[in-house]
Amino acid sequence: MFTNGRGLNVAFGMLLLLLSVSLGWAADSNEKEIRRLQHEEQRRLREAQKESPARALAPDERRDHREQLGEKARKRFDEADQNGDRSLSRGEAAQSTPRLHEHFDEVDSNRDGSISPDEIRAFRQRMRQRRIERGDSDPRF
């Protein structure tokens, strides 16, 4: 097909040109894909921020947020614990924490007629696990 060296050089040059164009296209495609993924991640973070501000926080900020929530929960528990015995009776729960009173029997795992902070944490963990098993989108809450 090619009778002289020049024709072979032209064919080889064209092959190199096609290869470089192809590689350039692949690089452009990769850059576009990276930009698309970055935009997608930014969109996901904006949506998460709208749904729940805590979800879009950085790990350190999330830890601080959890600590703040824990402190608020301890404060609410202490306010509800009118006699200071570090447990809530059914009456104390009814007066101060209607939702806890509503689930009193489920939370009171040892059936002693009072709820301790450990029983509340265990109940929340069980609820979180149920949500995970059901496939809820955010099992943390």
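This passage looks at helix H6 and at salt bridges in helices H1 and H2. The model is predicted, so local features need pLDDT of at least 70 and side-chain atom pairs count only at pLDDT 80 or more, while totals for chains, interfaces and linings use all residues. Residues are numbered from 1 along each chain as its sequence is written, and side-chain values use heavy atoms, with hydrogens and water left out.

Helix H6 covers residues 117–134 (helices are DSSP runs of H or I with at least four residues, strands runs of E with at least two, numbered from the N terminus). Its 18 residues should span 26 Å at 1.5 Å a residue, and the end C-alpha atoms are indeed 26 Å apart (the expected span is 1.5 Å times one less than the number of residues). Pro 117, Glu 119, Ile 120, Phe 123 and Met 127 are buried in H6 (buried is under 20% relative accessible area, exposed over 50%, partly exposed in between, with a 1.4 Å probe and protein chains only). The face turned away from the buried side carries exposed Asp 118, Arg 121 and Glu 133. Just after H6, Gly 135 takes a positive phi of about 90°.

The structure holds nine salt bridges (a side-chain nitrogen of Lys or Arg within 4 Å of a carboxyl oxygen of Asp or Glu). In helix H1 (residues 5–51), Arg 36 and Glu 33 lie three residues apart and pair at 2.7 Å, N to O. Glu 40 and Arg 43, also in H1, have their closest N and O atoms 2.6 Å apart. In helix H2, Asp 60 and Arg 63 are separated by about one helical turn and meet at 3.2 Å. Salt bridges with shared partners join Asp 60, Arg 63, Asp 64 and Glu 67 into one network.
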